Amino acid sequence: MKAVGGESRTFTINYKVRNATVLYKDCAVYFQKFLSEKNTTEIKKLTVSIQLVPGANKDNTLIWAHGPSNGKIEFDKENTNKVILELSKVPINNYVEARFVLDRNLIQNSNFVQDNNMRDFVINEETEAAKETDRKSRITGISSIIAYLISAFLVIFPIVLRIKKREHFTRFKRELEPDY
C-alpha cells in the first residue's frame, strides 16, 4: 500500500540468515542482497543493520556495498561487529547488496566450503568495479559540463555577435517624408 498525501511509512524487517557464508581457504565471504531490482517503490531512506559474527570488526573484515552511490556503509561505533548501510532516495528498479570478506577463523561451520583462495580475487574484483564506477561517473560529469558549455555558447554567441556587429543592423531612414 502506498503512502498518500505527505504520509510517511516506516517498515522494520528483522531476519537471521544462517549458512549463507562461503568458506574458502583464506577467508569467509558473505554476500547478501537486501533490495531487489524488482522493487517498484521509491524509498526515501533505507537503513540496513548487519550483525556479523562475534569477533568480526573493522580490523579483520572488508565491506563493500552495491547499488545507488548516494549512501555509506561503515562499522557501527558502539557495536564493533555491526555494520550499518544507509542510503537516501533509492530509486525504483535498483538493487542494494553488500559483500563482506571475513577472517576465515571467525566462522567454524558452513554448508558451503570451497578448497581455493578467494580473498585477493574479491579485493581485485571490487577494486576494478569501483574504478569502473568512478570512470563512468567522471565521464558523466565531463559530458554534463560540456553540454552546459555548449548550451551557454549557443545562447551567448548570438548576443555577442549582435553587439559586435551593431553597425550592420542599423535601421534605414526614410528619404522622403510624405505630407499628410
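The following exercises work through two sheets, one packed helix and two backbone angles of a predicted model.

Residues are numbered from 1 along each chain as its sequence is written. In this predicted model, local features need pLDDT of at least 70, side-chain atom pairs count only at pLDDT 80 or more, and totals for chains, interfaces and linings use all residues, while side-chain values use heavy atoms, with hydrogens and water left out.

**Exercise 1.** Determine the strand order of the sheet with 5 strands, and find which strands stand at its edges.

*Solution.* Begin with the elements themselves, which are DSSP runs numbered from the N terminus (helices, H or I, of at least four residues; strands, E, of at least two). Two strands count as paired if DSSP finds at least two bridges between them. On these terms the 5 strands form an open sheet of mixed pairing, in the order E4-E7-E2-E1-E8. Strand E4 (62-66) and strand E8 (112-113) each have a single partner strand, so one side of each is left without a neighbour in the sheet.

Next, look at the E8 end: strand E1 (residues 21-23) runs parallel to E8 and is joined to it by 2 bridges, and valine 22 has phenylalanine 112 in E8 as its bridge partner.

Finally, add helix H1 (residues 119-164), which packs on this sheet and touches strand E2 (28-35), E4 and E7, contact meaning heavy atoms within 4.5 Å. The direction of H1 makes about 40 degrees with that of E4; axes here are lines fitted to C-alpha atoms, for helices over the stretch in contact, and angles run from 0 to 180 degrees between N-to-C directions.

**Exercise 2.** Describe the sheet with 3 strands in the same manner.

*Solution.* The order is E3-E6-E5, in an open sheet with antiparallel pairing. Strand E3 (43-51) and strand E5 (71-75) are the edge strands, each pairing on one side only. With direction ignored, neighbouring strands of this sheet are turned by 10 degrees against each other on average. Between E5 and E6 there are 5 bridges, and glycine 71 has leucine 87 in E6 as its bridge partner.

**Exercise 3.** Place lysine 89 and asparagine 93, and state the phi and the exposure of each.

*Solution.* As background, most residues other than glycine have a negative phi. Lysine 89, in strand E6 (residues 82-90), nevertheless has a positive phi near 55 degrees. Asparagine 93, in the loop between E6 and strand E7 (96-102), likewise has a positive phi, of about 60 degrees.

For exposure, the classes of relative accessible area are buried under 20%, exposed over 50% and partly exposed in between (1.4 Å probe, protein chains only). Lysine 89 is therefore exposed at 61%, whereas asparagine 93, at 47%, is partly exposed.
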